[in-house]
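Got your viewer open? Load the model, switch to cartoon view and follow along.

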Amino acid sequence: MREHEIRPEALLKKYIELSSQDAQKCFQNNSRQLIQCIACDNLKTSFQFEKDGFGYVQCNNCKTLFQSPRPPISEFEAFIGNQNHHVIGPKFSFQQ
Ligand SMILES: [Zn+2]
């Protein structure tokens, strides 16, 4: 079985389009914070690119690529609890 058989290209394009809309609709830009490297805790990073309003940086120490500055966890929780965003696949929730 090939990938396009289980993930048709038209469905993948629609998923990417809806995800982009959700990212812009559900997350604020004014409350994001720079975070340290998720792999080695290094504070020094280099900007790499931006996608759908989210910046991505690379750790200057271990070269891990990750999303930063990052919205607060409360925005992710609101996003998951918000029925106005698009859902393709199972829903997840953060355990407290
Ligand atoms: Zn690192």
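Here is a short walk through the chain, with the sheet as the main stop.

Before you click, know that this is a predicted model: local features need pLDDT of at least 70, side-chain atom pairs count only at pLDDT 80 or more, and totals for chains, interfaces and linings use all residues. Residues are numbered from 1 along each chain as its sequence is written.

Start with the whole protein chain. You should find 3 helices and 3 strands, in the order α-α-β-β-β-α from the N terminus. Helices (H or I, at least four residues) and strands (E, at least two) are DSSP runs, numbered from the N terminus.

Next, select the strands. They make an open, antiparallel sheet in the order β1-β2-β3; two strands pair if DSSP finds at least two bridges between them. Because β1 (45-51) and β3 (65-67) each have a single partner strand, they stand at the edges, with one side left without a neighbour in the sheet.

Now zoom in on β1 and β2 (residues 54-59), joined by 6 bridges. Click F47 and its partner V57 in β2, then S46, which is matched with Q58. The hairpin has 2 residues between these strands, and D52 there takes a positive phi near 50°.

Stay on Q58: which residue in β3 is its bridge partner? It's L65. β2 and β3 pair antiparallel over 3 bridges. Their hairpin has 5 residues between the strands, and K63 in the turn shows a positive phi of about 70°.

Finally, zoom out: 6% of the 96 residues count as buried, meaning 20 or more other C-beta atoms, placed from the backbone, lie within 10 Å of the residue's own.

Terms used:
Buried ≥ 20, exposed ≤ 12 C-beta atoms within 10 Å, placed from the backbone.
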